[in-house]
Amino acid sequence: MLSAAFSDPVHDSQQTFRAMLSALAEPMIPGTLPRLPEAPATLDPACAAILLTLLDQQVRLWAPDLTEEAQRWLQFHTAYTSAESPEQADILWLVLGHERPPLARLKQGELRFPDRSATVVWQVEGFTELGAPCFEGPGFQTPRRLQPLGADAAFWHEWQQCNQHYPLGIDMFFAGNGQLVGLPRSSRLREESQACM
Amino acid sequence: MKIEFNFAFLDENTKRMIRRGLLKAVAIPGYQVPFGSREMPLPYGWGTGGIQVTASVIGRDDCLKVIDQGADDTTNAVNIRSFFQKVTGVATTTSTARASLIQTRHRIPETPLRPGQIMVFQVPEPEPLRTLEASEQETRTLHAYQDYGLMHVKLYEDIARHGHIATSYDYPVMVNGRYLASPSPIPKFDNPKLHHSPALLLFGAGREKRLHAIPPWTRVESLAFDDHPFEVQGWEAPCSLCGSRDSYLDEIVTDNAGSRLYVCSDTDYCTSRREEA
């Protein structure tokens, strides 16, 4: 039997959206998702909340890690369209550390329409400042250090590469255990020689 | 018969579409995201873009303030506020400090905004280059290549003709050093408040079907020349009601002899100053 999703879809998705908006407006600050839905076992409720808020029949999702059960659940609650390849996806749900397409393959928009680009929702275990790179840009009052558990230097190099032709690029959310962090394409890695925080 | 609305009037599909647009707008500060603007129960030009943004953002625990030219008690502000009272039942206020969400037509409040607040601007024409270039195809290309020479020529012509930059409202800004954007028809007096604003600024244009955004703590520069730096308006007299010398003043003609009075355009700011005194 399919499990329920948000207990109050209108208000729960509004609350989730506001958390996402804040997360993207002030990147790399861990925020709390105030409403977590019931979700299939393999899909973290934090990611499920974000997907329920973003998806409908107008967007194409690429989510190689979705189990058949989770796929049916998400399909029932959002009526999303599956992307045929990662290149076509508007939204991706990826588990950090699992096998995934290279970020360079994702939609980065066009110069006239940079908004026609992918948004990646990463499922993560948590966040740490330890060994994290330092970010700056719009939304940073001061530079900040943070990264999701499981991200390494190679990951940040790949991220930097795919956002180097700003305003083209991809936007990301990291979510798990009731928390979320946003990282828009406008954020920049700060040179390590400069002080952080 | 009691008419039931979905919370905040818009259907959930429309809200989702606008929300996805707003997220892209925040991710690309100053870039105009196209969106499927809906027909609203008031005509274009009355703030339909701002209303759709507010409707997509607002939640039950928000406290909404609506201003029109700084005033909480003008037709547009009163109507939009009562519209949201009716379709959401949220708390409303006239106090800038108490509001979590502020929809505005053509002003930024004098009371400094705080982190966590969201300002929603009603935008008649989101394209700063539109009066200089009528074609959307063309302006989109100019933005793509960051080709903003036209706007500098326009400001230069102002100087050649008037001796100074005569643009006094809707004064063009560069957002995050990349996109030329319209701050909506706020007086240029308010432009400095856009720079490193602690609050998130969202812009909605209903007729033109565009959204754009300025995230908090974002670099926003008003265009200028080295020998003609950007300057804001100033007044010789203080506000006749509260005595403020720092606020944006409206000129009111008081009789047939042409007597004039200058008063704060921000009614909440002016009232609270008089109450404190």
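**Exercise 1.** Are Asp90(A) and Lys107(A) buried or exposed? Establish also how their side chains interact and where the two residues lie.

*Solution.* The structure is a predicted model.

1. Asp90(A) and Lys107(A) are both buried, the criterion being under 20% relative accessible area.
2. Their side chains form a salt bridge, with an N to O distance of 2.5 Å. The cut-off for such a pair is 4 Å, so the pair qualifies.
3. Asp90(A) belongs to the loop between β3 (81-82) and β4 (91-95) of chain A, and Lys107(A) to the loop between β4 and β5 (119-123) of chain A. The pair therefore links distant parts of the chain, 17 residues apart.

**Exercise 2.** Determine which parts of chain A the salt bridge of Arg100(A) and Glu158(A) ties together, and classify the accessibility of each residue.

*Solution.*

1. The side chains of Arg100(A) and Glu158(A) meet in a salt bridge at 2.8 Å, N to O.
2. Arg100(A) is located in the loop between β4 and β5 of chain A, whereas Glu158(A) is located in helix α4 (residues 153-162) of chain A; the pair therefore ties together parts 58 residues apart in sequence.
3. Arg100(A) counts as partly exposed because its relative accessibility is 26%. Glu158(A), at 21% relative accessibility, counts as partly exposed as well.

**Exercise 3.** Identify the elements that the salt bridge of Lys24(B) and Asp171(A) connects.

*Solution.*

1. The side chains of Lys24(B) and Asp171(A) meet at 2.8 Å, N to O.
2. Since Lys24(B) lies in helix α1 (residues 12-27) of chain B and Asp171(A) in strand β10 (residues 171-176) of chain A, the pair joins two chains.
3. Both Lys24(B) and Asp171(A) are buried.
4. Over all chains, the structure holds 26 salt bridges.

**Exercise 4.** Characterise the interface between domain 1 and domain 2 of chain B.

*Solution.*

1. Chain B is divided into domain 1 (12-222) and domain 2 (234-277). The contact takes 15 residues from domain 1 of chain B and 9 residues from domain 2 of chain B.
2. The C-alpha centres of these two domains lie 25 Å apart.
3. The area buried between them is about 870 Å², and carbon and sulfur atoms give 49% of this area.
4. Arg107(B), Glu110(B) and Phe189(B) supply 46% of the area that domain 1 of chain B buries against domain 2 of chain B, more than any other three residues.
5. The side of domain 1 of chain B that touches domain 2 of chain B comprises 4 nonpolar, 6 polar and 5 charged residues.
6. The count between the two domains is 0 salt bridges, whereas 7 residue pairs are in polar contact across the interface (both at pLDDT 80 or more).

Conventions
Residues are numbered from 1 along each chain as its sequence is written. Chains are lettered from A and ligands numbered from 1 in the order in which they are written. This is a predicted model: local features need pLDDT of at least 70, side-chain atom pairs count only at pLDDT 80 or more; totals for chains, interfaces and linings use all residues. Side-chain values use heavy atoms; hydrogens and water are left out. Domain bounds come from an automatic or database domain assignment. Contact means heavy atoms within 4.5 Å. Buried area is the accessible area (1.4 Å probe) that two parts lose on being put together, summed over both. A polar contact is a pair of N or O atoms within 3.5 Å; within protein, one must be able to donate a hydrogen and the other to accept it, and residues adjacent in sequence count only if both atoms are side-chain atoms. Ala, Val, Leu, Ile, Met, Phe, Trp, Tyr, Cys and Pro count as nonpolar, Asp, Glu, Lys and Arg as charged, and the others, Gly among them, as polar. Helices (H or I, at least four residues) and strands (E, at least two) are DSSP runs, numbered from the N terminus. Buried means under 20% relative accessible area, exposed over 50%, partly exposed in between (1.4 Å probe, protein chains only).
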